[in-house]
Amino acid sequence: MVKLFANLVLGTALSGAIWASASACGTADAHDKPDAVLNRSREMAAKYFNIEVAKAEGYQQLFECTTHDEHGTMGVHFINPGRAGDGRLVLGEPDVLTYEPEPDGSMQLVGMEYIVFEKDWKQKGVPEFLGRTLQRKTTVGVHPVDPYYELHVWHWRHNPAGMFADWNPYVSCANDQS
């Protein structure tokens with residue numbers, strides 16, 4: 001009986017530790033938790049489902065579909081140079097939109113990024129946004145770029161690696177025609 005109780009307590013403690021660790025790493029749980037700011041971010045950017053709206057607002061394709069053999073895919077990046085170069089992080093103004101190429105040649109909006117170039121960041125320390133510390137990067141996938149800080153947000157495609165992870169194994173470049 002004591003051994004059974006110890007196993008139950010240990011199992012519960014381990015489950016709690018695993019859950020806490022997963023939560024701290026920004027796992028897929030973030031997709032399912034209500035968050036007013038994230039919901040607002042998703043609502044404000046939903047107009048970009050129509051890629052022509054994105055293009056009309058200045059978004060331009062940056063590279064071909066970006067994928068990684070082990071971690072997954074980022075998709076096709078469309079950057080808004082005016083927003084990306086303004087040194088600000090604005091909820092309703094994502095700097096980059098990511099699309100998955102579809103078999104019919106269309107693009108499906110799957111995520112977005114908030115970025116600020118290091119040279120344009122005038123505040124102290126590493127930027128924080130949406131309750132996260134942005135990551136410093138010098139590449140987009142395999143493409144070298146000027147140093148910048150970024151935060152991916154997978155609003156429209158579940159990501160088992162986490163809502164804010166760089167790569168998403170549920171996105172594919174199989175239909176990329178660029």
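**Exercise 1.** In this predicted model, the side chains of R40 and E43 meet in a salt bridge. Find the N to O distance of this pair, then work out how the two residues are placed along their helix.

*Solution.* Start with the distance: N to O comes to 3.8 Å for R40 and E43. That passes the cut-off, since a salt bridge needs the nitrogen within 4 Å of the carboxyl oxygen. Next, look at the helix: both residues sit in α3 (residues 36–45), and because they are three residues apart, about one helical turn separates them. Finally, check the surroundings: R40 is partly exposed at 43% relative accessible area, while E43 counts as exposed at 52%.

**Exercise 2.** Now take E57 and R83: which parts of the chain does this pair tie together?

*Solution.* First, the contact itself: the side chains of E57 and R83 form a salt bridge, with 3.4 Å from N to O. Then place each partner: E57 lies in the loop between α4 (51–56) and β1 (60–61), and R83 belongs to helix α5 (residues 81–84), so the bridge ties together parts that are 26 residues apart in sequence. For accessibility, E57 is partly exposed at 29%, whereas R83 is buried at 15%. One last step: look for K47, which is linked with E57 and R83 in a network of salt bridges.

**Exercise 3.** Are E93 and R88 buried or partly exposed?

*Solution.* Begin with their contact, a salt bridge between the two side chains at 3.4 Å, N to O. Now read off the relative accessible areas: E93 has 26% and is partly exposed; R88, at 44%, is partly exposed too.

Definitions and conventions: Residues numbered from 1 in each chain as written. Predicted model: local features only at pLDDT ≥ 70, side-chain atom pairs only at ≥ 80, totals over all residues. Heavy atoms only, no water. Helix = DSSP H or I, 4+ residues; strand = E, 2+ residues; numbered from the N terminus. Buried < 20%, exposed > 50% of the residue type's maximum accessible area, 1.4 Å probe, protein only.
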